[in-house]
Amino acid sequence: MRNLSRARARGPIVMIVVVGFLAISILHLLLTIATSQSVYELSDLKREKRELDTTSQIIAEEVASLSSQQNLLNTAAKLGMVANSNPVFLRLDDQSVLGKPKPALNSASQSRNLVANSAMIDTKPAKNKTTPASQAEPQKLPQVASVSAIPASPTR
Amino acid sequence: MNHAGPVSARKIRLLITISVILVFVFLIRLIDFQVVRAEAINQESYEKRAVARTIPAVRGDILDASGNILATTVYRYDINAAPAIVRPVERKIDGIAQVVSVEAVATELARILEVDVAELLPKLIGKSHYVNLKKRVDAETHRQIVELEIPWIFADPHHDRLYPNGAVAGNLIGFVGTDGEALAGIERQFNACLAGVDGKETFEKGVDGIKIPSSTVVIQQAKPGRDVILTIDADLQYQAQQVLAAEVKRLRADWATAVVIEVKTGRIVLAAEAPSVDPNNPGKSPKSERGARVFQYAYEPGSTMKAVTAATAIDTGYATVNTQVKAPSSMKVFDRVIKDSYSHPPTKWTLTGVLRFSSNVGTIKFAEKVPAKTRYEYMEAFGFGKPTAVGFEGETQGVLNHYTEWDGVTNFTTMFGQALSVSPVQMASAYQVLANEGVRLNPVLVAGCQDDEGNLTAVPKSEPTRVVSANTANDVMHVLEKIVEQGAIGQATAVPGYRSAGKTGTAEIAEGNGYGDFFATSFFGMAPVDNPKYAMGVMIYKPKRIWTNAMAASFGYQKILSQVLLANRVSPSTGKSPDLPTEWK
């Protein structure tokens, strides 16, 4: 009887220990899962950072190539821009002209690049599919208000 | 049962005793492993798994005065394969798993890597775990390779140096080797600033030698290098290189240089030359073009030295701008005949006229009274005979023998720039003295070393030194202005709207025991005369067209000067030059 009553008295303690053990195990399991999840997330973020760093480098190299002096001169030359080494100034004090206006010479040093740059990236745009002029639809001109509709002269 | 009870109890006790002893033994062993020797065992275990690796420090950038990047560090990738595990690649195309043959994969790789597939395919055969397919491909190419998802392809990243503007200031920047070692120019001279401190990390590997994910431990973070800030203007440097390259071609010259120095600060705005090395590919340039002739080449300057001789004579009181001489076109000095560049009857020139017509004989006439020791000391004070404070790698000091070593002829020829040699930057620096009221400022090429937070450790400034009086310097500058106003070559250097001054130089080039057939023609000067901002010089080496006078240098000088004045928004000149007679009656 005494043993039985002792066993009954120990029952709740055993239950508490078992439940406690289970609770701790489950908590541990959850924490482990959460940690593992974070590790994967961290790994993904690191991979994403690497990708973005690579993208950043690719773009930075392209920008550096486009803004290189060689590319700027080539582009300016294509647009017909030529530097003039004969500047002319108008002095406001006495309205005198300093220098003799001369057209800029399209010399070799101004019309094409002569300074090597093997880092220049070929940034030719992809060839677009073009439509022969004969097949192209006529361009629609924007609507312009008729002169008679303007109430007053736009300039004074 | 009664019989078995005591036996079982004994057995149980024995069993318990043995168990307790075993537990005790294991406990002691456990304590020994887990507590007493835990650290040593852990260390031993870790050492078997861990691999130490250096984290290379990112090298600093080289920037121009406006912050434009001239040199930077980027990642490049070595693309490698493991032939031992090469097999067809499984891919999902439109959601359907497909197997791509090794040959087809190799064709894809060859297209991206821009190599011949016939050359690439044999590399994929074998039992090796490593074979290199291509070295140092850029990030874009590497990304395209990664997107192919080939399990037997891997890449090793490396730091590499990129010079986005190519040969612009390539002569100054220098370059690094494929192993990252600085080999020339600013890269080498300022390596202590540019190079960071490498870090260290470890990672763990499995039995198969493959890295265990997330096992990396950084022992020491890498400390990135700092940036070097130059004084040059990259745009003007490019313009000057363009002009020089065109002139070298037009004049069929060997090479050409140009130097522009800010008069009030000594900062070098441009130090250009053509041809110039592209640091992205230094191997493409011959060895002679991989340096900076502006600093490293010394030549006999010829008549540009006459401005220094005139300043010496005026400053010591032996002459004025109006000192009168009567100069024939040749004179005998000891055993040698010294001639002017053209034949003329004995002419009554002032000192101004002597420089205007660049007479060697006239120069001797007004300067011969100045003691050799005095002239030597002035030449030293102007900066000749020693390297500049820039301290550029391999910089020449030129040749300026001590006056006690001058023989009778040398005593005279040094007056007009023979029997001594100077670098282009030394001569430009001498003209800076004349443009800066006689005060010499050491040329500056590097402003300083800047860390990530923008803290600039400036290169120590040297003290300004007075070489000649302000009156002397201004007098000589006004004499040189007459050359631009009146001389045909000088006029070709003029920029409309600005008063400028300068001196021609047509120097013979020593070959063997005498002089060769070709010249180093130059023009050095300053502008604007009414408010000097820039001292500059252009030198064309061995032009095969227009080789007998400095006209060869005038066109390039004018173009570069006009760009420098306009780019820096220098106000046009006011006033007129003083009236200085060139002849007397």
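In this predicted model, helix α11 of chain B, which covers residues 306–315, is largely enclosed by the rest of the structure, because 10 of its 10 residues are buried. A residue is called buried here if 20 or more other C-beta atoms lie within 10 Å of its own. The buried residues of α11(B) include K306(B) and D315(B), and among the others are A307(B), V308(B), T309(B) and I314(B).

The buried residues of α11(B) pack against several elements of chain B, which are listed in the table with their residue ranges.

| Element of chain B | Residues |
|---|---|
| α12 | 351–356 |
| α13 | 360–367 |
| α14 | 372–381 |
| α16 | 424–435 |
| α17 | 470–486 |
| β21 | 501–511 |

Just after α11(B) comes G317(B), a residue that takes a positive phi of about 80°.

On a wider scale, chain B is divided into domain 1, with residues 100–153, and domain 2, with residues 234–567, and the C-alpha centres of these two domains of chain B lie 56 Å apart.

Chain B also touches chain A, in a contact that takes 30 residues from chain A and 34 residues from chain B. On the side of chain A that touches chain B, at least two residues each are supplied by α1 (2–66), α2 (69–78), β1 (89–91) and α3 (108–111) of chain A, and the largest share, 8 residues, comes from α1(A). The residues of this side of chain A divide into 13 nonpolar, 14 polar and 3 charged.

Notes:
Residues numbered from 1 in each chain as written. Chains lettered and ligands numbered in written order. Predicted model: local features only at pLDDT ≥ 70, side-chain atom pairs only at ≥ 80, totals over all residues. Buried ≥ 20, exposed ≤ 12 C-beta atoms within 10 Å, placed from the backbone. Helix = DSSP H or I, 4+ residues; strand = E, 2+ residues; numbered from the N terminus. Contact = placed C-beta atoms within 7 Å. Nonpolar A, V, L, I, M, F, W, Y, C, P; charged D, E, K, R; others polar. Domains from an automatic or database assignment.
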